[in-house]
Amino acid sequence: DLRATAGITWSRASYTTRVGLNHVSGYEDPAGSEIESWTTADLQVTWDPTSIAGLSGLTLSAGIRNVLD
């Protein structure tokens, strides 16, 4: 049972974007059924508005798991 995760992060000004790939190899479940391998992609965007007065310390993030499904 192989599980792997890889990601890349890109930042510019007050925004950060992260794309992650997750992979699970195929396996047999306890009932004996064969489960095929699968790969998913996740996306996350973060905004850090430290340059705006009164918002110091605030960070807003939004993400989508399995963005391709």
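Which strand is Thr46 found in? Let's start there. Thr46 sits in strand E5, and that strand covers residues 38–47. One caution before we go on: this is a predicted model.

Now, is Thr46 buried or exposed? Its relative accessibility is 18%. Buried means under 20%, so Thr46 counts as buried.

What does Thr46 touch? Skip its neighbours within four places in sequence. That leaves contacts with Ser14, Tyr15 and Thr16. Thr59, Leu60 and Ser61 are in contact with Thr46 too. Look again at Ser61. Its side chain and the side chain of Thr46 are joined by a polar contact of 3.0 Å.

Next, the backbone. Two residues to look at here.

Take Ala13. Where does Ala13 lie? Find strand E1, residues 3–12, and strand E2, residues 15–24. Ala13 is in the loop between them. Its phi is positive, about 55 degrees. Yet Ala13 is not a glycine. And the surface? Ala13 has 82% relative accessibility. Exposed means over 50%, so Ala13 counts as exposed.

Now Asn66. Go to strand E6, residues 60–64. Asn66 lies in the segment after that strand. Its phi is near 55 degrees. That is a positive value, again in a residue other than glycine. How much of Asn66 is accessible? Its relative accessible area is 25%. The partly exposed class runs between the 20% and 50% cut-offs, so Asn66 is partly exposed.

To recap. Thr46 is buried, and its side chain has a polar contact with that of Ser61. Ala13 is exposed, in a loop. Asn66 is partly exposed, in the segment after strand E6.

Note on methods
Residues are numbered from 1 along each chain as its sequence is written. This is a predicted model: local features need pLDDT of at least 70, side-chain atom pairs count only at pLDDT 80 or more; totals for chains, interfaces and linings use all residues. Side-chain values use heavy atoms; hydrogens and water are left out. Helices (H or I, at least four residues) and strands (E, at least two) are DSSP runs, numbered from the N terminus. Buried means under 20% relative accessible area, exposed over 50%, partly exposed in between (1.4 Å probe, protein chains only). A polar contact is a pair of N or O atoms within 3.5 Å; within protein, one must be able to donate a hydrogen and the other to accept it, and residues adjacent in sequence count only if both atoms are side-chain atoms. Contact means heavy atoms within 4.5 Å.
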